[in-house]
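These entries record what I looked up in one structure, item by item. I begin with the ligand site and end with the overall chain.

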Amino acid sequence: MRPDAPSTAVRRAAIVGGGVIGGGWAARFALNGWDVTLFDPDPEAGRKLDEVLINARASLPTLYDRALPPEGRLIVASTLEDAVREAAWIQECVPERLALKHGVYRDIQRYARNDATLGSSTSGFKPSALQEGAARPAQILVCHPFNPVYLLPLVEVVPSPANDPSFVAHACSTLEQLGMRPLVVRKEIDAHLADRLLEAVWREALWLVNDEVATTADVDDAIRFGFGLRWAQMGLFETYRIAGGEAGMRHFLHQFGPALQWPWTKLMDVPALDDALIERIANQTDAQADGRSIRDAERLRDANLVDVLRALKRRDSGAGATIAAHEAQLPTSPLDPTTDRRQPLTTVERQVPQTWADDAGNLSESRYFEVFAQANDRVVALVGGASSSSPTRHGYVAVDSHVHHLRPVRGAERIFVLTRLLPSDTGQLHLFHQLRRDDGEVAATGEHLLQHVDLETRETSLPSAAIAANVQELVEGHAVLPVPFGVGRRVGQPG
Ligand code: NAD
């Protein structure tokens, strides 16, 4: 049976099971503007969710150079019915026991909308196994995420023959709107795709520790100092193709293929996880943590992931391309007929990446320039011009900049920039920015003179008549406003 045509009108999600994964899903939906209701019988569910949200709010928005939509409402529901009744998306995140999941689907489908998508976070069960005995099997499919769900884009979407292709496509499109990268698994198998790979590595790692070849720290170092860095951006096959030299993958397979026949690995065996081995692994991993709590480790992980993803975003590579595509869909304020020319322009609205903070937790000096450079680029785009980062021959470049620091900005704080256009010579843009904190206080001002030039020779050039007219209209509109504090300020001037 095919569920009714999916509706996109209501952006309300229900999360059933609020542990590690459910909390991550709740954060991903809410920070992308969805209202979320969570159901979990654990009386500690609200507290656990709050802990996840603290980490998610400090990291996910900082992947982007534009503001995410306003956060949706988050409610911990007291009954399953209250949680799922109006949800367009229901994400099941209960423990990995098939009978438990079957019972949960029976209850969900009693109350849920027929057109809702019911995604399961299962790490291992096939969708057809999950659908057994369900009232509407076609409504259920696997949407397997990765921890932390609010930061990692991958979600394995695993349908069974019972799922209609249009239902699967709609699920993928919703996940993309959440900034995720749905990877549709072509054939349902136990443990899907990624966990198959991970389990092979995990088995080998357990053997190496069991046989006292390595400590848990040695195994982790073998990954994080070498191939782990490669995998974040090119995966396995693309990396090995390069490893084959100029002859590529064919040479690589001829050279290293025979080694697969040697008894290097113990893939099909598992070491007995007796008390002694469990103790050894637990003690060694505790020692590795070097006194860091799980929460501290999560924050370090998240900060590193944000930096890696931002680096990949800059090159539109791997998971960074997913973030870039999502960012491109986030709204900016266009200069259209409805823009009030007599009000300062909002040129930046964003959350400061945690990693832009100095040791004291405040926005570091160079980042003020980065924020003001974004504001400059925004004005240039608004008036229809190009900047030095655009692939065109003529555009605006900054020739004079002055930043005045007034109050600190904390890492992960939400900021916005209000920009005024001041009178200037033809071919120039004279911009005055106020960087404001979420509480409205001015944290810094930036005054910049931009010159229109031939970007190759850096000789001055005149902008088109259309650009000049746009600039003039804004300058005249802003001229009626009182002159803001700090305009024309010199370095070292008091105040
Ligand atoms: P968890 O133990 O952290 O959380 C499970 C939560 O479900 C608990 O808070 C529990 O109180 C709640 N729960 C139990 N019965 C319930 C019921 N009847 N209704 C509502 N809530 C109920 O487990 P987890 O690690 O979050 O795993 C959840 C699912 O996500 C599993 O299917 C797992 O395979 C999958 N998953 C886990 C990871 C991971 O790294 N932990 C990664 C991807 C997928």
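**Entry 1: the shell around the ligand.** I asked which helix gives the most to the shell around the ligand. I found that helix 4 does, with three residues. I note here that the model is predicted. I then listed the elements that supply at least two residues each to this shell: helix 1 (20–31), helix 4 (98–111) and strand 6 (140–145). The residues around the ligand number 24, and Ile21, Asp40, Glu96, Lys101 and Ser123 come nearest. Sorting the shell by class, I obtained 11 nonpolar, eight polar and five charged residues.

**Entry 2: polar contacts of the ligand.** I looked up where oxygen atoms of the ligand approach N or O atoms of the protein. For Lys101, an N or O atom in the side chain is 2.7 Å from a ligand oxygen. For Ile21, the partner is a backbone N or O atom, and I read a distance of 3.0 Å to an oxygen atom of the ligand. For Val20, a polar backbone atom lies 3.2 Å from a ligand oxygen. I next asked how much of the ligand the protein buries. The ligand taken alone exposes 840 Å², and the protein buries 73% of that.

**Entry 3: a cis peptide bond.** I checked the peptide bond from Asn147 to Pro148 and recorded it as cis, with omega near 0°. I placed Pro148 in the loop between strand 6 and strand 7 (154–158). Strand 6 is already in my notes as one of the elements supplying at least two residues of the ligand shell.

**Entry 4: positive phi values.** I looked for positive phi in residues other than glycine, and I noted Ala191, with phi near 70°. Ala191 sits in the loop between strand 8 (181–184) and helix 7 (194–210). I also noted His192, where phi is near 55°, again a positive value in a residue other than glycine. The loop between strand 8 and helix 7 holds His192 as well. Are these two residues buried or exposed? The relative accessibility of Ala191 is 18%, so I count Ala191 as buried, the cut-off being under 20%. His192 has a relative accessible area of 1%, and I therefore record His192 as buried too.

**Entry 5: enclosed space.** I turned to cavities. Rolling a probe the size of a water molecule over the atoms shows where empty space is left. My count came to three cavities of 30 Å³ or more. The largest cavity contains about 40 Å³ of space. I asked which residues line the largest cavity. They are His402, Val403, His404, Phe432, Thr445, Gly446, Glu447, Gly486 and Arg489. Strand 10 (394–405) and strand 13 (442–454) are the elements that give two or more residues to this lining. By class, I recorded two nonpolar, five polar and two charged residues in the lining of the largest cavity.

**Entry 6: the chain as a whole.** I closed with the overall figures. I counted 15 helices and 13 strands in the chain. Along the principal axes, the C-alpha atoms fill a box of roughly 75 × 55 × 45 Å. The chain has 495 residues, and buried residues make up 45% of them.

Conventions. Residues numbered from 1 in each chain as written. Predicted model: local features only at pLDDT ≥ 70, side-chain atom pairs only at ≥ 80, totals over all residues. Heavy atoms only, no water. 1 Å grid on protein atoms, 1.4 Å probe; cavity = no way out; pocket = protein on both sides within 12 Å on 5 of 7 lines; lining within 4 Å. Points joined across faces, edges and corners; volume = space filled by probe spheres on them. Helix = DSSP H or I, 4+ residues; strand = E, 2+ residues; numbered from the N terminus. Nonpolar A, V, L, I, M, F, W, Y, C, P; charged D, E, K, R; others polar. Near = heavy atom within 4 Å. Polar contact = N/O pair within 3.5 Å; in protein donor to acceptor, adjacent residues only side chain to side chain. Areas by Shrake-Rupley, 256 points an atom, 1.4 Å probe, with all protein chains shown as cover. Buried < 20%, exposed > 50% of the residue type's maximum accessible area, 1.4 Å probe, protein only.
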